[in-house]
Amino acid sequence: MLFRSGRRSAHRSRASGQQDITAATGASDPRERARWLSWTSGRAVFVTALAVVAAIAVTPASGAADGIATGFVQAMRHLESPSRNGKAFSGTPAVGALFSTSAGRLSQHFCSASVINSPHGDLVITAAHCVSHTSGTVVFVPGYNSGTTPYGVWTVTKVYLDQAWKSSQNPDDDFAFLRVSQRGSSVPIEDVTGAERLITGQPYNHQLVQVIGYPDSSNQPITCENWLKEPMKDQLEFDCGAYTDGTSGGPFLAEVDLTTGQGAVIGVIGGYEQGGNTPQVSYSSVLGANAAALYKTAVAGG
């Protein structure tokens, strides 16, 4: 049985001896240059903001000027802070792990996924590369934590992949919808776990998101918050360490409700480099028109 987690630990190699813009940026291809330009632009904004803060601080307008400047600098430092590491936690009901099975029992979890709101309450979203080469029975375990299955085990009964992914594994279409159910029960998973909202077709550069995933090496999920970047067209970037093999398919959650832990899925770990070549940088395809169309197909059961 072949499963591809899409998270490879090898670092990308770059050719030596290149000068000019390639040497200056450390970028040997257009995608890398796009990332460098995005980073440089961010730094430029940061420096400009500091200049504005300095001007505010020395302007004798009111006693609140110093407080405004201090607060603004702290906010900017947060935006520019180095990437953090994902931390293990006890999980959340609508996010879980995909498992292979052996003799009817859970075998190894290999990717992550999340329940999304749908009319029939039976759909899950993950990365296309997680389920493109699977065989045998695959199950989804929402809220999986340290060997426990608090919301049951749900069998994947159908996989929906975009045509552009099926024909050429286009990284801009690295998403998939799964229909899940439990044998002998008509209760949909959404009634048991709740669901994340699915949002497509909106620009989310600089959006603060929470990303949850299940590393292969752990039986607990990890979570981290950071600001999204858009290093290239139709791709989102999330920087936080510890997102190793197995976290592919984990949701990019925006607008998370602190009381329920639920939010809006605006991406899943995948896309460029099938989610990233290093644990510190994760990618997602932008969920646009193709994702919306595939969702409609899955809802219709086609």
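Here are a few questions and answers about this predicted model.

User: How many helices and strands are in the chain?
Analyst: Happy to start with the overall picture! The chain has 302 residues, and 45% of them are buried. Its secondary structure consists of seven helices and 16 strands.

User: Which strands pair with β5 in the antiparallel sense?
Analyst: Let's take the partners in turn. With β4 (residues 105-116), β5 pairs over three bridges, in the antiparallel sense. β5 also pairs in that sense with another strand, over four bridges, and that strand covers residues 176-181. The two partners are therefore β4 and β8, given that a pair needs at least two bridges.

User: Which residue in β8 does I125 stand opposite?
Analyst: Begin with I125 itself: this residue of β5 points one way along with L123, while V124 and T126 point the other way. All four are buried. Across in β8, the residue opposite I125 is F177.

User: Which residue in the turn between β4 and β5 has a positive phi?
Analyst: These two strands form a hairpin, with six residues between them. I116 in β4 stands opposite L123 in β5. In the turn, the residue with a positive phi, about 70°, is G121.

User: Why does D173 have no salt bridge?
Analyst: D173 sits in the loop between α5 and β8, and this residue is buried. Its contacts include A128, W165 and N290. A salt bridge needs a side-chain nitrogen of Lys or Arg within 4 Å of a carboxyl oxygen, so D173 has none because its nearest side chain of opposite charge, K233, is away by 10 Å.

Note on methods. Residues numbered from 1 in each chain as written. Predicted model: local features only at pLDDT ≥ 70, side-chain atom pairs only at ≥ 80, totals over all residues. Heavy atoms only, no water. Buried < 20%, exposed > 50% of the residue type's maximum accessible area, 1.4 Å probe, protein only. Lys, Arg positive; Asp, Glu negative; His and termini not counted. Contact = heavy atoms within 4.5 Å. Lists of a residue's contacts leave out its neighbours within four places in sequence.
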